[in-house]
Amino acid sequence: MPRSRIMLDVLKGEAHFPPPLWMMRQAGRYLPEYRETRRRAGSFLDLCYDPDLAVEVTLQPIERFGFDASILFSDILVVPHALGRDVRFEEGRGPLLTPISVAEIMALESDVFHVNLEPVYETVRRLRTRLPDETTLIGFCGAPWTVATYMIAGHGTPDQAPARLFAYREPAAFQHLLKVLADHSAAYLIRQIEAGADVVQIFDSWSGVLDDATFDQFCVWPVAEMVRQVRAVHPDVPIIGFPKGAGARYRTYRQKTGVTGLGIDWTVPLAAAKDLQRSGAVQGNLDPLRLVAGGKALSDGVEAILKALGDGPLIFNLGHGITPETPIAHVEAMVKQVRSAAR
């Protein structure tokens with residue numbers, strides 16, 4: 001019999017101590033083996049779409065650190081790419097897209113959506129056979145609002161003003177874009193689950209720039225629709241929502257979307273996180289820069305989270321993705337501290 005995947009137990013509301021541990025962006029540039037594989041791939045999208053290489057980099061942090069969960073190596077922008085939009089990644093500039101127009105929103109190509117994403121599904125299938133039995137496999141996608149911000153601006157911006165302005169000026173087109181993204185992203189997650197994912201996570205990296213009304217319209221509603229569609233097919237598969245920067249709206253986000261677990265960023269006070277934990281599992285929320293700094297800053301941060309949240313359903317993680325300059329020794333220290341923690 002396979003050993004228990006304790007992250008799944010935690011997402012059912014059980015408390016485990018020490019808690020299960022993984023890191024967002026755990027397969028990334030801080031690892032020399034990742035940088036070598038990335039060099040061999042040629043381009044970032046080639047790496048995402050090559051099952052051999054995508055499996056290789058997904059397994060690298062599992063082999064090195066023995067995390068309790070492994071997250072599919074891909075990118076949130078494969079969804080617009082699969083819908084026929086041009087997506088490219090330039091060193092030092094990040095993702096670049098041709099900004100989408102109202103007419104183009106109404107003509108997004110979906111007939112070959114799953115055909116374009118078949119390499120990702122193949123990666124998930126291979127990962128489930130290669131991962132240790134006790135390791136939870138996480139599939140993911142970007143939330144419609146966050147993906148839409150890149151499609152409209154053509155790149156990341158500090159406050160996503162281009163997307164916010166577009167939404168105010170072209171409300172019907174923008175709502176249509178969110179609906180297209182919600183429907184296709186839900187179908188994408190369903191296919192990942194069918195390929196072997198145990199859990200799926202929805203990343204809404206830019207939810208924190210919205211006001212109350214637009215938070216409900218652009219962040220909550222599309223994710224709630226995705227959760228509804230995924231649950232209609234796979235009612236028992238846990239779904240983690242990560243509305244970064246949601247602040248006081250984290251509680252209503254969980255209530256209104258119906259996500260199983262709640263990813264929380266490092267700005268969420270631990271007392272507030274404890275309150276959120278009463279409604280289900282929370283995931284987070286170490287400041288990634290504490291991991292860069294190491295030493296007392298790191299150990300104090302880890303200790304505070306374990307002390308505040310360790311008695312409830314907790315998945316230990318960062319409050320956002322690990323940064324490329326993070327020393328590997330600091331990751332090792334964090335893993336050791338979490339795994340050796342005593343009540």
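Arg25 is exposed, with a relative accessible area of 51%, where exposed means over 50%, buried under 20% and partly exposed in between, computed with a 1.4 Å probe on the protein chains only. Arg25 is found in the loop between α1 and α2, and its phi is near 60°, a positive value in a residue other than glycine. The helices and strands I name are DSSP runs numbered from the N terminus, helices being H or I with at least four residues and strands E with at least two.

Before going on, I should say that this is a predicted model, in which local features need pLDDT of at least 70 and side-chain atom pairs count only at pLDDT 80 or more, while totals for chains, interfaces and linings use all residues. Residues are numbered from 1 along each chain as its sequence is written, and side-chain values use heavy atoms, with hydrogens and water left out.

Staying in that loop between α1 (6-11) and α2 (32-41), we also find Ala27, which is buried at a relative accessible area of 12%, and Gly28, which is buried at 9%. Ala27 is in contact with Tyr34, Val57, Thr58, Pro61 and Phe73, once its neighbours within four places in sequence are left aside; contact here means heavy atoms within 4.5 Å. Pro18 lies in this loop as well, and a cis peptide bond with omega of about -5° joins Phe17 and Pro18.

What does the UniProt record list as "binding site"? The unreviewed entry gives Arg25, Gln26, Ala27, Gly28, Arg29, Asp75, Tyr150, Ser205 and His320, with positions in the numbering used here, feature names shortened, and the caution that annotations may be inferred rather than shown by experiment. They span 296 residues in sequence and the farthest two C-alpha atoms are 22.8 Å apart, so they do not all gather at one spot. The lining of the largest pocket nevertheless includes Arg25, Gln26, Ala27, Gly28, Arg29, Asp75, Tyr150, Ser205 and His320, a pocket being, on a 1 Å grid over the protein atoms alone, an open set of points with protein on both sides within 12 Å along at least five of seven lines, and lining residues having an atom within 4 Å of a point.

Turning to the sheet, seven strands form an open arrangement in the order β1-β4-β5-β6-β7-β8-β9, with parallel pairing, where two strands pair if DSSP finds at least two bridges between them. Strands β1 (69-71) and β9 (314-318) stand at the edges with a single partner strand each, so one side of each is left without a neighbour in the sheet. Five bridges join β8 (residues 282-286) to β9, and across this pair Gln283 stands opposite Ile315, while Asn285 stands opposite Asn317. The peptide bond from Gly284 to Asn285 is cis, with omega near -15°.

Is edge strand β9 buried or exposed? Five of the five residues of β9 are buried, so it is largely enclosed by the rest of the structure, with Leu314, Phe316 and Leu318 on one side and Ile315 and Asn317 on the other.

Finally, the largest nonpolar core has 120 residues, and those with the most contacts inside it are Tyr188 and Met334; such a core is a set of buried Ala, Val, Leu, Ile, Met, Phe, Trp, Tyr and Cys residues joined through side-chain atoms within 4.5 Å. Helix α10 (residues 171-195) supplies the largest share of this core, 13 residues. Beyond its neighbours within four places in sequence, Met334 is in contact with residues including Leu286, Phe316 and Leu318.

Notes: 1 Å grid on protein atoms, 1.4 Å probe; cavity = no way out; pocket = protein on both sides within 12 Å on 5 of 7 lines; lining within 4 Å.
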